[in-house]
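Please read the following report alongside the sequence and the model. The account moves from the overall fold to the core and then to the surface.

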Amino acid sequence: GKERAPRIRMAAALLWLSLLALLPGGRGSTSCLEKGFGEGLVCSSCKKMEEIVKDSELVKDCLNCCQEDKSVSNEKFDSAKLEVCQ
């Protein structure tokens with residue numbers, strides 16, 4: 001119902017941020033890392049996140065920490081770990 005929608009959006013945002021934190025390379029600014037953005041954050045991920053999470057400040061921070069997609073390799077990972085605290 002309506003009560004589940006905000007939880008689903010929050011879980012999706014946490015998943016995005018967790019996956020983004022696993023990406024290698026990129027700007028690596030301490031402030032970006034402190035905000036939870038990985039070093040290899042690509043701007044297309046921020047744009048996808050914007051569609052899910054309607055938080056303009058979070059998206060702005062994401063866009064300030066990302067790099068254009070073309071300069072990032074298509075490296076794949078064996079696994080990812082998502083931890084959800086309730």
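The paragraphs below describe the chain, its nonpolar core and a surface patch.

This is a predicted model, in which local features need pLDDT of at least 70, side-chain atom pairs count only at pLDDT 80 or more, and totals for chains, interfaces and linings use all residues. Residues are numbered from 1 along each chain as its sequence is written, and side-chain values use heavy atoms, with hydrogens and water left out.

The chain has four helices and zero strands, where helices (H or I, at least four residues) and strands (E, at least two) are DSSP runs numbered from the N terminus. Of its 86 residues, 24% count as buried, that is, under 20% relative accessible area, against over 50% for exposed and in between for partly exposed (1.4 Å probe, protein chains only).

The largest nonpolar core, a set of buried Ala, Val, Leu, Ile, Met, Phe, Trp, Tyr and Cys residues joined through side-chain atoms within 4.5 Å, has 14 residues, of which Phe37, Leu41, Met49 and Cys62 touch the most other members. At least two residues of this core come from each of the helices tabulated here.

| Helix | Residues |
|---|---|
| H1 | 4–20 |
| H3 | 43–52 |
| H4 | 56–65 |

The largest share of the core, four residues, is supplied by H4. Leaving aside residues up to four places away in sequence, Phe37 touches Leu17, Cys32, Leu58, Asp61, Cys62 and Cys65, contact meaning heavy atoms within 4.5 Å.

Leu15, which lies in helix H1, counts as partly exposed because its relative accessibility is 36%.
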